[in-house]
Structure formats: structure tokens, C-alpha cells
Amino acid sequence: MEIVADLHTHTIACGHAYSTLEEMVAGAKQNGIEIMATTDHGPCMPGANHPYYFGNLHVLPAVIEGVRVLKGVECNITDIHGSLDLPSKLLQRMEIVLAGFHPLTGYQGSSKKEHTQAMLNAIRNPLVDVIVHPGNPQFEIEIEQVVNAALENEVLLEINNSSFLLSRDGSREYCLEIALQAKKVGLQLLLNSDAHFSADVGRIEKARQLVKEVGLTAEDVLNTSLVAVKEFIAEKMALKQGLDI
Ligand SMILES: [Zn+2]
Ligand SMILES: [Zn+2]
């Protein structure tokens, strides 16, 4: 199973990553990635960008060095209502909006019930395309409910490769359960690198190993197909642009 798109990457602009956008693109090219989403952290994360950064993404070309670069953000879910840390008007213009929980970003939920509620509310937000690292045990959720809501709202759930490297300890068993549940209901997953350094763009070995272990094939993973990724982005963009915000 090979991926052709990596829809979760960071640049030096976010305050704790180490490569420029051009370096990330070079990494993508080197690792066989044809579509790369640049998704720096939303403003509530310490050291992250001001909303101006995201508002100005339109200065970037759609294709850089032959790689299609999607303009996006990784928003923080900041409360139980599923609020995000950029204005809706701005999110509406993004090509891809990821959302997830992160420590030190103001989110106060403290129980599985609250995390689930917050995540379900984010999933129901038509501006959200992907929920990132839902298998993070630090913010444990009711997996069945989240998978069902994702399917219903055409939101993708991510298996995040970096969760199995240095960050988010203990994610593996939850991610296995997410993969099994997704397979059961026919929800496609995304395997993303969450690269914070250029050489890591498109590197999803651990995530691939995990989904293989529970019997998932390329058809179960959206970003194994360029056509499927393009269709997903185009459909969601059309939906977002039709919203009266
Ligand atoms: Zn980060
Ligand atoms: Zn994240």
C-alpha cells in the first residue's frame, strides 16, 4: 500500500517544525508524494501563527516544483462545543481543514464523555474535513460514535504516523480499534505523516503496518488514490463555498 498524498505537514512557520515550505515540497517530491497539504497549527498553540498567516496563504501557487500544494490548517478544538481557533470565514477559504486536540491550547475537557462531545461537534462542522490523531489516549473518545459520525458527515479520520514515533504514547491500541471500526462501517481512513521535517513527508510506515495488521487494503485508505483525494477536496470545497457564513 503506497500513499500518493500527505495531507498533514508542518513548516518552520509553526514555531516547532524545522523546514521551509519549499523544503517540505522537495521532501514530498523525493518521497513520491504528488499532493501535499501544508497544515500549520492554529493560533491557540504556543508559538503558532497569527490568523494573518492563514489569510495570506493565497499568495502560494497551487503547484510548486510539480507538487500540488493544498492550503490548509490544523485547527485546535478549543472547547466542548467543538469550536476551532480560526474564524469560519477564513476556514471557508481553506482547501483543507484538519481539527484535533492538543495540550496547552485552552481546551478544558477532562473526561472521555467531554472529549467525545467536543469531537462530535467538530465533525458536524461542515468546515472540517479531517479529524487528526483521534487515537490519542490523552484525549480518549468513544470510538464507535466518532467513526459513525465521521461517516455520516463525510469527515475523514486520520491514522497519524508520528503518533507511533515520539509523540502521543499509547496511541497504538486505540488506532487499531479505529481502523477495525472504520473497516466495519466502510469509512475510508487517511494515513498521514504529520511531518515536522522535510525528510519525513510521506513517511507513514508505522501507520501502514498498523492498518495492514487489521486487514485494511489500499481501497480502505483514501490517500492511496490521487483521483479519490482530488474528488474529496473538490466536493468538500464546493460544499463549504455554498455555506452562508
Ligand atoms: Zn506540531
Ligand atoms: Zn496535531
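Which residues have the most contacts inside the largest nonpolar core? Keep that in mind as you click around, and remember that this is a predicted model.

**Stop 1: the core.** Select M36, V97, A99, I131, A150 and L189: these have the most contacts inside the largest nonpolar core, which has 70 residues. Now zoom in on A150. Leaving aside residues up to four places away in sequence, A150 touches I123, I131, V155, L156, L157 and L187.

**Stop 2: a pair of helices.** Next, select helix α4 (residues 112-123) and helix α5 (residues 143-153). Two packed helices are described by the angle between their axes and the distance between the axes. Here the axes come within 9 Å and cross at roughly 10°, so α4 and α5 are roughly parallel to each other. To see where they meet, show T116, M119, L120 and I123 on α4, then Q145, V146, A149, A150 and N153 on α5. Try colouring this contact by residue type: you get six nonpolar residues, three polar and no charged. You'll recognise A150 from the core.

**Stop 3: a helix with two faces.** Move on to helix α7 (residues 205-213) and pick out A207, L210 and V211, which are buried. They span an arc of only 90° around the axis, so they sit on the same side of α7. What lies over them? The cover includes β7 (156-160), α6 (171-185) and β8 (189-192). Now spin the view to the face turned away from the buried side, where E205, Q209, K212 and E213 are exposed.

**Last stop.** Follow the chain on from α7 to G215, whose phi is positive, near 85°.

Terms used. Residues numbered from 1 in each chain as written. Chains lettered and ligands numbered in written order. Predicted model: local features only at pLDDT ≥ 70, side-chain atom pairs only at ≥ 80, totals over all residues. Axes fitted to C-alpha atoms, helices over the stretch in contact; angles between N-to-C directions. Helix = DSSP H or I, 4+ residues; strand = E, 2+ residues; numbered from the N terminus. Parallel < 35°, antiparallel > 145°, perpendicular 65-115°, else oblique. Contact = placed C-beta atoms within 7 Å. Nonpolar A, V, L, I, M, F, W, Y, C, P; charged D, E, K, R; others polar. Buried ≥ 20, exposed ≤ 12 C-beta atoms within 10 Å, placed from the backbone. Arc of directions from axis to C-beta. Core = buried A, V, L, I, M, F, W, Y, C linked by C-beta atoms within 7 Å.
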